[in-house]
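Colleague: Could you take me through the pockets in this model, and then the salt bridges? I'm at the bench most days, so plain words please.

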Amino acid sequence: GGDFESRRVAAYQAWWEHQPARSPAPTRSGHRLHRSVRVGDLAEFYLIDTRQFADEPPCRDTSVFDLGEGCAERDDPDRTLLGEEQVAWLTDGLTSSTANWTALVSPSMFAGLDAREPGTDVAKYYLEAWDGYPAERERVAEALSAAANPIVLSGDYHASFVLDVGPGFGHDVICPEVMATAISSSPFATDFTAANPHVKYFVGDNGYTKCTVTADGWRADYRSVADIWDPASPLEDVASFEFPAR
């Protein structure tokens, strides 16, 4: 019950009270969540919001749970995932940052994934993420490529990935993407790497990713837990990747 605006404000308040948010308490329905965090001259992190200003995911009449084939609506250049104000803030920040590393912190995979069923010829995409908004991804990718040492950090997929950003949507390699798996949610174990040569690492597991950053390089250590129900379950270092600074 109640009008939509009041319900939206109440939802922001409930979210803020139950999440480890570093933003101020919400006071209006258009609560700003995107922000940047600077760590000296070593790195600058751009944390973005892909929910509250996004257009509805495309191709809803032919997709299931936002997984489906492309359609004309998907390629509409006016569609937005971030909203006009946030896109301007992000592209300006990425192109002007003077930090040694410039990190785009995305709630979902940026590099893109063709999630077609093995053995089929028709591409499918997760249309709620960046693959549903390719025109806006182009604008952000252009800004990202202008940074000295760009990198993308992401999550949401319930699997561990390392990807090359660019080839998945028709470009040369722009930067790496380090995607952390879910700590405890059920993993997505279907392997789509055969249709995605820009995927350099994939494991459907539970765990987290530890990043060690210096002026000379970025190291990502993928850590997996054997049994999420056992507090004494051993933690295993399953893979490590190093990305040298340019």
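Modeller: Here is a walk through the pockets, followed by the salt bridges.

Bear in mind that this is a predicted model, so local features need pLDDT of at least 70 and side-chain atom pairs count only at pLDDT 80 or more, while totals for chains, interfaces and linings use all residues. Residues are numbered from 1 along each chain as its sequence is written, and side-chain values use heavy atoms, with hydrogens and water left out.

A pocket here is an open set of points on a 1 Å grid over the protein atoms alone, where a 1.4 Å probe fits and protein lies on both sides within 12 Å along at least five of seven lines; lining residues have an atom within 4 Å of a point. The largest pocket holds about 1,400 Å³ of space (a volume is the space filled by probe spheres set on the points, which are joined across faces, edges and corners). Its lining has 41 residues, and nearest the centre are Ile-48, Asp-49, Thr-50, Arg-51 and Pro-107. Two elements give two or more residues to that lining, α1 (4-18) and β4 (101-106); helices (H or I, at least four residues) and strands (E, at least two) are DSSP runs numbered from the N terminus. The largest share, four residues, comes from α1. By class, the lining has 21 nonpolar, 10 polar and 10 charged residues (Ala, Val, Leu, Ile, Met, Phe, Trp, Tyr, Cys and Pro are nonpolar; Asp, Glu, Lys and Arg are charged; the others, Gly among them, are polar).

The second largest pocket has about 150 Å³ of space. It is lined by 15 residues, with Asp-114, Tyr-125, Asp-131, Gly-168 and Phe-169 nearest its centre.

Asp-114 takes us to the salt bridges (a side-chain nitrogen of Lys or Arg within 4 Å of a carboxyl oxygen of Asp or Glu). Asp-114 pairs with Arg-116, the closest N and O atoms being 2.5 Å apart. Asp-114 is buried at 9% relative accessible area, while Arg-116 is partly exposed at 22% (buried means under 20%, exposed over 50%, partly exposed in between, with a 1.4 Å probe and protein chains only).

The whole structure has 14 salt bridges. In another, Glu-136 meets Arg-139 at 3.4 Å, both in helix α3 (residues 134-145) and three residues apart, about one turn. Glu-136 is buried at 2%, and Arg-139 is partly exposed at 34%. Asp-164 also bridges to Lys-200, at 3.7 Å. That pair links distant parts of the chain, strands β7 and β9, 36 residues apart.
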